[in-house]
Amino acid sequence: MNKMQLKFLSRSENEIFARNAVAAFALSLNPTLSELSDVKTAVSEAVTNCIVHGYADREGWITIDCTVKGDCLHIQISDNGRGIADVEQATQPFFTTLEGEERSGMGFTIMQTFMTEFSVQSVAGAGTTVSMSKHIGAKAEADAR
Amino acid sequence: MKIQSCRQGESLYIYLDGEMDEHSVAAIRREADRLIDENAGASRAVFDLAGVRFMDSTGIGFLIGRYKKLRRYGMGMYLENPNAGADKILELSGVYSLMPKIQGDI
């Protein structure tokens with residue numbers, strides 16, 4: 001088992017750093033380009049949520065914890081922002097609280113689709129944690145059978 | 001992120017280059033709208049994504065925003081050359097029903 005932790009300010013220029021750092025950590029699992037792209041996209045979605053929704057008009061810390069265990073990459077992304085009042089509603093495709101801002105409302109749907117497992121824990125006023133994991137090499141194994 | 005354009009007859013080609021996320025999209029939104037305003041007489045805009053190495057849902061929001069603006073001018077919108085990662089989220093979010101993916105000339 002291998003672990004890493006990243007902590008950075010909720011500034012949008014850190015998005016590219018965050019997704020590439022997680023992707024680099026995942027390299028030990030020998031992922032395909034497609035798997036790596038899925039991981040980067042899911043991380044980018046979660047970090048965008050922390051910046052745009054969690055902290056909205058202020059700056060705060062975002063923490064990413066990653067674990068590699070067997071063929072699985074676990075990623076936990078947390079903020080101490082304002083939290084989500086209704087998680088079920090927030091995870092519906094095309095739902096957004098920022099209608100006027102060109103938001104697609106697809107962030108959680110993309111995380112769910114691109115990762116093997118996905119869950120959200122949120123406490124209104126205290127913050128949100130997204131947990132997700134992906135089996136790397138699952139498709140290659142299936143193809144080889 | 002870089003944005004460039006080229007007008008060919010009735011078509012306005014917009015070339016995007018770089019990684020499309022919350023940070024980069026904010027920087028090109030105004031320039032994209034300026035290009036559309038300047039070419040409001042064209043029939044369509046084709047967004048060429050060949051140079052887009054990464055796209056998340058912020059990119060989808062950006063494209064839908066431009067689609068709405070183009071529609072107000074009566075202009076159609078098309079996408080071409082997305083990489084595999086961009087293609088996957090464009091397909092997933094149903095964007096191609098608004099702005100079809102094309103290959104070559106239309």
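The following conversation concerns chain B and one of its residues, Ser93(B), in a predicted model.

Visitor: What makes chain B as compact as a globular protein of its length?

Guide: Chain B holds three helices and four strands, which follow one another from the N terminus as β-β-α-β-α-β-α. Its radius of gyration is 12 Å, and the globule rule gives 13 Å for 106 residues, so the two values are close and chain B is as compact as a globular protein of that length. The C-alpha atoms, taken along the principal axes, fill a box of roughly 30 × 25 × 20 Å.

Visitor: Why is Ser93(B) called buried?

Guide: The relative accessibility of Ser93(B) is 7%, and buried means under 20%; Ser93(B) therefore counts as buried. As for the chain around it, buried residues make up 53% of the 106 residues in chain B.

Visitor: How do you know that the side chain of Ser93(B) makes a polar contact with the backbone oxygen of Ile89(B)?

Guide: The side chain of Ser93(B) reaches that backbone oxygen at 2.5 Å, and a polar contact requires a pair of N or O atoms within 3.5 Å, a limit that the value of 2.5 Å satisfies. Ser93(B) itself is placed in the segment after helix H3 (84-92) of chain B.

Visitor: Which residues does Ser93(B) touch, not counting those up to four places away in sequence?

Guide: With those sequence neighbours left out, Ser93(B) touches Phe94(A) and Met106(A) in chain A, together with Ile60(B) in chain B, where contact means heavy atoms within 4.5 Å.

Methods: Residues are numbered from 1 along each chain as its sequence is written. Chains are lettered from A and ligands numbered from 1 in the order in which they are written. This is a predicted model: local features need pLDDT of at least 70, side-chain atom pairs count only at pLDDT 80 or more; totals for chains, interfaces and linings use all residues. Side-chain values use heavy atoms; hydrogens and water are left out. Helices (H or I, at least four residues) and strands (E, at least two) are DSSP runs, numbered from the N terminus. The radius of gyration is taken over C-alpha atoms; the globule rule is 2.2 Å times the number of residues to the power 0.38. Buried means under 20% relative accessible area, exposed over 50%, partly exposed in between (1.4 Å probe, protein chains only). A polar contact is a pair of N or O atoms within 3.5 Å; within protein, one must be able to donate a hydrogen and the other to accept it, and residues adjacent in sequence count only if both atoms are side-chain atoms.
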